[in-house]
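Hi,

Here is the structure I promised to pass on. Have a look at it first, and my notes on what turned up follow below.

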Amino acid sequence: MAEKKALLFAMGLPLAGIFLYFLVSVLTWFVIPVMRTNSGLIVRMPNNHTIFNHLLLSSFLALLFAAMTFLMDFILKEDQNYEKTNQEKLRAERFKAELITNMSHDMKTPLTSLINYVDLLKKLPIDQPKFKEYTEVLDRKSLRLKHLIVDLLEASKIGTGNVQLNFEVIDVTEMLGQIAGEFEEDFLEKELTLVLRLPDYPCFLNIDSQHFYRVLENLLSNSLKYSLEKTRVFLELREKEGQVEIQLKNTSKAPIDIESSELTEQFIRGERARTQGGHGLGLYISKNLVELMQGQFKVQVTGDLFVAELIF
C-alpha cells in the first residue's frame, strides 16, 4: 500500500508542474498584452512599462518560477529515492534466490552419497532387527531431505525465471495411466482408492513432459499425505470445447483452514499439513510450471473437499 501511495504521489508531481507551466503560459500570452517584433517577443504592460518594472507582477512571477524550480528538484529527488528503493529490493530478492540455489547445490552431492550408502547398508547380511529399523529411518529421512532440496532448487529457478522448457507433443492419456500405475501400491498402503477416469482415445498436448510429470507427481503425493483414509481420490482427463482439462479431487483428513488462493503461495500449508511432512512448495511449483507451459492451474476448497484443475 505504501508503494502504491508513493507511486501515485510521484505521478501527481509532474502533473502539478505541467499545470503551473500552462498557467504561466496563459498569463503571458492572454492576460498580459504583448508586442511581437522581428527580434523576438517583448512583453509590455498597457502603460508601455515592461513587467519587470511592475513590482507586484514581477514578484508573483519570480515566486512562481522559484516554486516550480523547487518542485522539479523535489520530483527528481523522489524519483531517485524510488529507484534506489527498487534496486535494493531487487538485490535482496536476487540474493535470497541465489542463496537457496547455492545451498541446494552444496547439499545435493553429499546427500546423494548418503542415500547410496544407506542402500548398501540395507543389503548387508546383518540379522539385528535394530539395524534394519535404523537404516529404514535413514532411508526415509534422507529421501525426504532430497525432495526438499529439489523443491527448493525448483522454486528458486521459478523465482528467477531460469526454468528451461523443452516442448514436445505427448499423449497425456498414456502419461496419466503410467503415473497412476506407479502410485498404485502407495495408495493401497494408505488405504486409499485411486479412481482413474481417462478417455478411450489418445489426447495430445504440446508441453514439457518432464515438468508436466512433476506437476502430476506433486498432486498425487499431496493426495497421499492429506487424504482421509479409506476414501477415493479421483483423477480425471477430459476434452471440452477445444480444451484439455485434468482434475484431481480428494477428501481431506480435516477441513482446510485457508483460502484457495493462498494454497499456491510459497511455504503455505493448512493446519492439517503441519504433521504430514509437507513443506508448502508443491502447489506453488505446480502452478508456476503449468503457467509456464501456457496452461491454467486452479485450486478450490470446500470444507474438506480439495479440487485441483489443470486446463490447457
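Let's start with one pair of residues: in strand E9, Ala-308 is the bridge partner of Leu-248. Helices (H or I, at least four residues) and strands (E, at least two) are DSSP runs, numbered from the N terminus.

Before going further, some housekeeping. This is a predicted model, where local features need pLDDT of at least 70 and side-chain atom pairs count only at pLDDT 80 or more, while totals for chains, interfaces and linings use all residues. Residues are numbered from 1 along each chain as its sequence is written, and side-chain values use heavy atoms, with hydrogens and water left out.

Overall, the protein chain has 6 helices and 9 strands. Of its 312 residues, 34% count as buried (under 20% relative accessible area, with exposed over 50% and partly exposed in between, using a 1.4 Å probe and protein chains only).

Back to E9. This strand covers residues 305-311, and 6 of its 7 residues are buried. Strand E7 (residues 243-251) runs antiparallel to E9, with 7 bridges joining them. Strand E8 (residues 296-302) is also antiparallel to E9 and joined to it by 7 bridges; two strands pair if DSSP finds at least two bridges between them. Lys-298 stands opposite Glu-309 in E9. The hairpin of E8 and E9 has 2 residues between the strands, and Gly-303 there takes a positive phi near 65°.

Now for the core. The largest nonpolar core (buried Ala, Val, Leu, Ile, Met, Phe, Trp, Tyr and Cys residues joined through side-chain atoms within 4.5 Å) has 44 residues, and Phe-212, Ile-246 and Leu-310 have the most contacts inside it. Leaving aside neighbours within four places in sequence, Ile-246 is in contact (heavy atoms within 4.5 Å) with residues including Val-172, Phe-212, Ala-308 and Leu-310.

Finally, which residues line the largest cavity? They are Lys-298, Val-299, Gln-300, Val-307 and Glu-309. A cavity here is a set of points, on a 1 Å grid over the protein atoms alone, where a 1.4 Å probe fits but cannot get out, and lining residues have an atom within 4 Å of a point. E8 gives the most to this lining, with 3 residues. The largest cavity holds about 30 Å³ of space, a volume being the space filled by probe spheres set on the points.

Cheers

Definitions and conventions:
1 Å grid on protein atoms, 1.4 Å probe; cavity = no way out; pocket = protein on both sides within 12 Å on 5 of 7 lines; lining within 4 Å.
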